[in-house]
Amino acid sequence: MFTAQDIPRLALSLGFAMCLGSGARADDSDIQKQLSNPIASLTLLPVQVNYDTNIGPNRDGDRVTTNIQPVVPIKLDSEWTMVVRTILPVIGQDDIFPGSGSQFGLGDTLQSFFFVPQTVNGFTWGAGPAILWRTGTDELLTSGKWAAGPTAVVLQQTGPWTVGALVNHVWSFAGDEDRADVSTTFIQPFVAYAASGGWTYTLNTESSYDWVGDQWSVPINAMITKLNSREATKRI
């Protein structure tokens, strides 16, 4: 995925998520905790909109990224579930480099496959491969590379609290020879508190390190989620 020199930067995120075809009924607190678990056995369609500014060498650029993030669990047997998480970015950006103008289209798609055993005493983990598909529609919206690597999630849920982390690393293995290689680590620690009334408070970072460009990006996200029903949520 294209990475500009975008530190420092300002970012604003908002979005919504729909829970599709949920099975057995559960109370709000159970659903809140499942929604705080990135590898829960829920079929979800989150959409997240991120606004970034101060991008590029002159810090003149702006970008709006709409991430379409379906989550689909597939039951393998009585013990294991495969959770497929996809992030398809739709990007509009301006002036990320001097004279670069504006671009709008798809970025590269990241798809992760987590093999998840049953939860034990509130502890959940999952691991598997992550693949970066070259789906960018403009040379400034794509890395020009295909990449893959490992990904994993660990989390503990105790009472109303969810604490955990999601990590992945992808290396490029094919693509345009004249484009820079991809070697990127992503780390997302998170903590969430499921309060009464359907409210959930979440704090996380979406930190990434570009090993080729020797550059960190460390946005911090604070989120307030309201569960409006057993079928849908809104995030602000």
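Phenylalanine 123 counts as partly exposed, because its relative accessibility is 38%, which falls between the 20% limit for buried and the 50% limit for exposed. Phenylalanine 123 sits in strand β8 and belongs to a nonpolar patch on the surface. The model described here is predicted. Its secondary structure comes to 1 helix and 16 strands.

**The protein as a whole**

- The protein has 236 residues, and 43% of them count as buried.
- About 12000 Å² of the protein is exposed, with carbon and sulfur atoms supplying 61% of that area.
- Among contacts with a separation of 6 or more, 56% join residues that are 24 or more positions apart.

**The nonpolar surface patch**

- Besides Phe123, the patch contains Val72, Ile74, Leu76, Trp80, Phe115, Trp125 and Val154.
- Together the patch residues have about 660 Å² of accessible area.
- Strands β4 (71-75) and β8 (123-133) are the elements that give two or more residues to the nonpolar patch.

**The nonpolar cores**

- In soluble globular proteins, nonpolar side chains tend to be buried together.
- Here the largest nonpolar core has 11 residues, including Ile39, Val83, Phe114, Val116, Leu166 and Phe190.
- At least two residues of this core come from β7 (109-117), and at least two from β9 (145-158).
- A second, separate core has 6 residues, among them Leu110, Ala147, Val170 and Val182.
- Valine 116, a member of the largest core, touches Ile39, Glu79, Trp80, Thr81, Val83, Thr124, Trp125 and Gly126 when residues up to four places away in sequence are not counted.
- Two of these contacts of valine 116, Ile39 and Val83, are also listed in the largest core, whereas Trp80 and Trp125 are listed in the surface patch.

**Serine 100, isoleucine 96 and glycine 56**

- Serine 100 lies in the loop between β5 (80-94) and β6 (102-106).
- Serine 100 is buried because its relative accessible area is 17%, under the 20% limit.
- A polar atom of the serine 100 side chain lies 3.4 Å from the backbone nitrogen of isoleucine 96.
- With neighbours within four places in sequence left aside, serine 100 is in contact with Asp95 and Leu140.
- Isoleucine 96 and glycine 56 are 40 residues apart in sequence, yet their C-alpha atoms are 4.8 Å apart in space.
- Glycine 56 is placed in the loop between β2 (43-55) and β3 (61-68), and it counts as buried at 4% relative accessibility.

**Salt bridges**

- Side chains of opposite charge can pair when their charged atoms come close.
- The count for this structure comes to 2 salt bridges.
- One salt bridge joins the side chains of aspartate 176 and arginine 134, with an N to O distance of 3.1 Å.
- This pair links distant parts of the chain, 42 residues apart: aspartate 176 is in the loop between β10 (161-175) and β11 (183-194), and arginine 134 is in the loop between β8 and β9.
- Both partners count as partly exposed, aspartate 176 at 27% relative accessibility and arginine 134 at 31%.
- Another salt bridge joins the side chains of aspartate 181 and lysine 145, at 3.6 Å from N to O.
- This pair also links distant parts of the chain, 36 residues apart, with aspartate 181 in the loop between β10 and β11 and lysine 145 in strand β9.
- Lysine 145 counts as buried, because its relative accessibility is 6%.

Methods. Residues numbered from 1 in each chain as written. Predicted model: local features only at pLDDT ≥ 70, side-chain atom pairs only at ≥ 80, totals over all residues. Heavy atoms only, no water. Patch = residues over 30% accessible without salt bridge, like charges linked within 9 Å, V, L, I, M, F, W, Y side chains within 5 Å. Areas by Shrake-Rupley, 256 points an atom, 1.4 Å probe, with all protein chains shown as cover. Salt bridge = Lys/Arg side-chain N within 4 Å of Asp/Glu carboxyl O. Helix = DSSP H or I, 4+ residues; strand = E, 2+ residues; numbered from the N terminus. Buried < 20%, exposed > 50% of the residue type's maximum accessible area, 1.4 Å probe, protein only. Core = buried A, V, L, I, M, F, W, Y, C linked by side-chain atoms within 4.5 Å. Contact = heavy atoms within 4.5 Å. Polar contact = N/O pair within 3.5 Å; in protein donor to acceptor, adjacent residues only side chain to side chain.
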